[in-house]
Amino acid sequence: MHEFISDLIEHPKVRETLLHMHHSIPKHDHIMRVTRYSYRLARLVQADPRICTRAAVIHDIDSRYGTLWNHGEVAARFAAEIGEDEAVCAAIRSHMYPLGPAPTSREGWVVTVADKAASLADFADFLRGLLTGKSIQRRRVLKQTDPFYRPRRRRGALRRAFSIDT
Ligand SMILES: [Fe+2]
Ligand SMILES: [Fe+2]
């Protein structure tokens with residue numbers, strides 16, 4: 001799997017997901033789980049593992065600039081900007097199906113299914129971590145490092161006073 005994505009995982013936009021929260025866990029954990037699942041699934045259904053794994057790494061990049069329905073398009077635009085094939089962009093664009101457009105290729109279906117399965121596994125991880133306190137600690141750290149949370153924390157003294165996260 002690594003040979004398909006070794007350049008991509010060093011990209012600053014991918015590295016910055018280590019600091020971003022997604023499903024209450026680091027976004028980087030989520031995208032790498034989707035990538036592993038996509039790789040396995042691609043082999044199972046004879047889809048192109050290179051297209052599937054590259055689409056999986058990028059599929060949620062800059063997702064906060066879009067909505068639940070259209071952030072696949074946002075990530076697909078980024079993929080096109082860094083020179084990914086249209087097949088990779090298309091698989092990214094449809095990953096939220098049935099929210100948003102339907103996949104148009106086998107690789108698109110692979111990433112869509114892998115994303116759903118990974119999201120469930122993320123949630124199971126989060127629940128397990130609640131028992132040990134790890135999930136709460138991780139959320140607390142991510143709220144400090146994720147730029148999308150910082151402005152909210154500055155909203156007001158009242159919110160700060162009653163926030164359970166600070
Ligand atoms: Fe997504
Ligand atoms: Fe995702």
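**Exercise 1. Determine which residues Tyr65 contacts beyond its neighbours within four places in sequence, and describe its setting in this predicted model.**

Solution. Once the neighbours within four places in sequence are set aside, Tyr65 is in contact with Val74 and Phe148. The next step is to locate the residue: Tyr65 lies in the loop between helix H4 (49–58) and helix H5 (71–81). Its relative accessible area is 60%, and because the threshold for exposed is over 50%, Tyr65 counts as exposed. As a further distance, the C-alpha atoms of Tyr65 and Ala75 are 9.3 Å apart in space, while the two residues are ten apart in sequence.

**Exercise 2. Find how many aromatic pairs the whole structure holds, and classify the pair of Tyr65 and Phe148.**

Solution. Searching the whole structure gives three aromatic pairs. In the pair of Tyr65 and Phe148, the ring centres are 5.7 Å apart and the planes stand at 65°, so the geometry is edge-to-face. This pair links distant parts of the chain, since Tyr65 belongs to the loop between H4 and H5 and Phe148 to the loop between helix H8 (134–145) and helix H9 (150–153), 83 residues apart. Phe148 has a relative accessibility of 28% and therefore counts as partly exposed.

Another edge-to-face aromatic pair is formed by Tyr97 and Trp109, with 5.4 Å from centre to centre and 85° between the planes. Here Tyr97 sits in the loop between H6 and H7 and Trp109 in helix H7, twelve residues apart. Tyr97 is partly exposed at 30% relative accessibility, and Trp109 is partly exposed at 40%.

**Exercise 3. Identify the residues that coordinate the iron ion (ligand 2), and work out why its site is classed as irregular.**

Solution. The donors are His30 (NE2), His59 (NE2), Asp60 (OD) and Asp115 (OD), at 2.1 to 2.2 Å from the iron ion (ligand 2). Along the sequence, these donor residues follow the spacing H-x28-H-D-x54-D. The angles among the four donor atoms run from 82 to 173°. A tetrahedral assignment requires all angles to lie between 85 and 135 degrees, so this range excludes it; the site is classed as irregular.

The second step is to look at the neighbouring metal: the iron ion (ligand 2) and the iron ion (ligand 1) are 3.5 Å apart, and Asp60 coordinates both. As for the accessibility of the donors, His59 is buried with a relative accessible area of 0%, and Asp60 is buried with 2%.

**Exercise 4. Place His95 in the fold, and establish which residues His95 touches.**

Solution. His95 is found in the loop between helix H6 (86–93) and helix H7 (106–132), and with a relative accessibility of 0% this residue counts as buried. Not counting residues up to four places away in sequence, His95 touches His59, Asp60, His71, Gly72, Val111, Thr112, Asp115 and Lys116. With one of these, Asp60, the side chain of His95 makes a polar contact of 3.1 Å. Among the residues touched by His95 are His59, Asp60 and Asp115, which also serve as donors to the iron ion (ligand 2).

**Exercise 5. State how many helices and strands the protein has, and summarise its burial and contacts.**

Solution. The protein has ten helices and two strands, arranged along the sequence as α-α-β-β-α-α-α-α-α-α-α-α. Of its 166 residues, 43% count as buried. Among contacts with a separation of 6 or more, 59% are between residues 24 or more positions apart. Finally, the accessible surface is about 9000 Å², and 58% of that area belongs to carbon and sulfur atoms.

Key: Residues numbered from 1 in each chain as written. Chains lettered and ligands numbered in written order. Predicted model: local features only at pLDDT ≥ 70, side-chain atom pairs only at ≥ 80, totals over all residues. Heavy atoms only, no water. Donors = N, O, S within 2.8 Å, 3.2 Å for Na, K, Ca; no water. Tetrahedral: all angles 85-135°; square planar, octahedral: opposite > 155°, others 65-115°. Buried < 20%, exposed > 50% of the residue type's maximum accessible area, 1.4 Å probe, protein only. Helix = DSSP H or I, 4+ residues; strand = E, 2+ residues; numbered from the N terminus. Contact = heavy atoms within 4.5 Å. Areas by Shrake-Rupley, 256 points an atom, 1.4 Å probe, with all protein chains shown as cover. Polar contact = N/O pair within 3.5 Å; in protein donor to acceptor, adjacent residues only side chain to side chain. Phe/Tyr/Trp six-rings, centres within 6.5 Å; stacked < 30°, edge-to-face > 60°.
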